[in-house]
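The exercises that follow ask you to locate unusual backbone geometry and to examine one helix, with each solution set out step by step.

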Amino acid sequence: MSRLFGTDGVRGKAGTYPLDPPTVRRLGAALARALALDSARAKGDGRPRFLSGRDTRESGAWIERELAFGINSQDASLTGAGIIPTPAIAYLTPRMGYTAGVVISASHNPFEDNGIKVFSGAGEKFTEQLEQHVESIVADRSWQVPAGNAAEVEQIDYRAEYASHLRAILPNAETMRGMRVVVDCANGATTTMAPRLFEELGFEVRCIGCEPDGRNINLRCGSTAPEQLTRAVVDGGYPLGVAYDGDGDRAIFVDEKGKVVDGDAVMLMCAKQMKREGRLKGNAIVATVMSNIGLEIALRDAGIDLVRCPVGDKYVMEEMIRRGLALGGEQSGHVIFSEYLFTGDGLATSLNVLRTMGATGRSLSDLASELTTYPQVLLNVRVDRKVDLNTVPEVAQVMSAVESRLAGKGRLLIRYSGTEPLLRIMLEGEDQQEIARWADEIADAVKRHLVVTV
């Protein structure tokens with residue numbers, strides 16, 4: 001059986017495998033079976049209780065119904081929280097006494113796609129071991145989901161509980177009362193939360209991407225398309241704008257000058273503020289291998305360590321838990337503040353940025369200017385075989401020479417693609433032409449000493 005779970009849950013085109021009704025039902029039943037024993041141990045009744053949330057895609061409601069049918073068929077239950085950001089489910093699941101949380105969303109993808117990701121009873125993303133266990137149950141043909149019609153799912157509105165949790169991030173909101181902000185909700189899950197939350201905190205809000213119709217999620221709006229937000233901020237003279245993705249677990253910002261402020265700049269300004277407030281546990285943060293070397297250098301200058309991990313917010317989370325750290329994230333805008341939640345949360349990120357602005361009295365552009373983004377070169381070399389480059393002396397020698405030239409003022413990252421016959425060469429440094437020449441040197445050495453397809 002092919003794997004159901006990818007890097008961020010089950011993803012696909014709604015209505016086709018693995019998001020066709022029979023597979024969704026079977027997945028729901030398998031989740032209930034997998035968690036029944038754990039529920040029995042923890043609660044004494046063996047009946048798992050699931051909490052679900054979804055974004056605004058037109059397919060979300062029927063996927064929720066089919067998932068609930070499968071879960072209910074195994075003497076378990078699913079309660080819906082309606083259209084609500086992904087991190088809300090991570091927050092609410094343990095606090096409302098549910099066994100697990102389920103989010104129906106495909107994040108920043110177009111409306112035709114959808115997905116299912118699962119959170120444990122602790123509010124953390126499912127581990128790969130648990131995902132594999134569920135997949136093995138799905139593949140076991142000794143049991144079947146009974147036939148029947150999927151009924152409507154019981155809904156409970158938990159938005160007030162989640163909003164109360166978020167408001168605590170900005171304890172001195174009254175000092176920023178009247179501040180004007182533009183909020184881009186990507187016609188997604190944050191439409192039910194963000195405008196009202198900011199207004200309740202005293203901000204004057206202009207909302208774009210706040211009219212979902214089931215098909216316009218992420219359409220020319222949101223964190224992956226900030227052009228509309230940029231125009232709104234600059235034309236209206238706003239001090240900042242924030243854009244979320246479809247499910248609300250990431251945020252990117254636009255400063256008063258119209259410049260996009262990404263996750264690297266956000267992590268730097270928040271790390272420095274958290275250190276000043278005594279909230280930066282371990283005096284270090286976690287970022288992926290794709291974060292710019294400029295972040296590493298700026299943190300070093302501030303006396304803060306940077307721990308690198310593979311790409312993916314779940315790897316950021318795992319490293320933060322392992323080291324007991326308070327902050328981590330990705331350049332794309334997934335930022336985790338562990339004192340509030342162990343998953344990316346766009347709304348929490350927004351409030352932490354506003355908290356930093358309020359505490360320092362500085363503009364967003366001024367805070368973001370402390371990050372110098374170093375030039376970057378990316379090269380792909382097509383190869384016939386994937387070998388450890390350190391075992392090819394001629395290639396290893398060139399790589400070593402380049403790393404010596406960088407001398408702490410740049411970064412070399414070489415890795416094979418996981419899905420294509422490609423070697424990816426990434427170089428960051430102070431001079432664009434210089435690092436481009438060095439990247440070519442490495443690529444040429446690879447082409448000379450490895451068999452390469454022409």
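**Exercise 1.** In this predicted model, determine where Asn218 lies, what sign its phi has, and whether Asn218 is buried or exposed.

*Solution.* Begin with the location: Asn218 belongs to the loop that runs between β7 (204-208) and α7 (227-236). Next, inspect the backbone, where phi of Asn218 is positive, at about 65°, although this residue is not a glycine. Finally, consider accessibility: the relative accessible area of Asn218 is 11%, and because buried means under 20%, Asn218 is buried.

**Exercise 2.** Carry out the analysis for Ser107, establishing which loop holds Ser107 and whether Ser107 is buried or exposed.

*Solution.* The loop in question is the one between β4 (100-104) and β5 (113-119). Within this loop, Ser107 has a positive phi of about 55°, although Ser107 is not a glycine. Its relative accessibility is 3%, so Ser107 counts as buried.

**Exercise 3.** Which form does the peptide bond from Tyr17 to Pro18 take, cis or trans?

*Solution.* Omega for the bond from Tyr17 to Pro18 is near 5°, and the bond is cis. To place it in the fold, note that Pro18 is found in the loop between β1 (10-13) and α1 (21-43).

**Exercise 4.** Compare the span of helix α2 with the expected value, and identify which of its residues are buried.

*Solution.* Helix α2 covers residues 60-72, 13 residues in number, and reaches 18 Å from its first C-alpha to its last, which is close to the 18 Å expected at 1.5 Å a residue. The buried residues of α2 include Ile63, Glu64, Leu67 and Ile71, and Gly60 is also among them.

How values were computed: Residues numbered from 1 in each chain as written. Predicted model: local features only at pLDDT ≥ 70, side-chain atom pairs only at ≥ 80, totals over all residues. Heavy atoms only, no water. Helix = DSSP H or I, 4+ residues; strand = E, 2+ residues; numbered from the N terminus. Buried < 20%, exposed > 50% of the residue type's maximum accessible area, 1.4 Å probe, protein only. Expected span 1.5 Å × (residues − 1).
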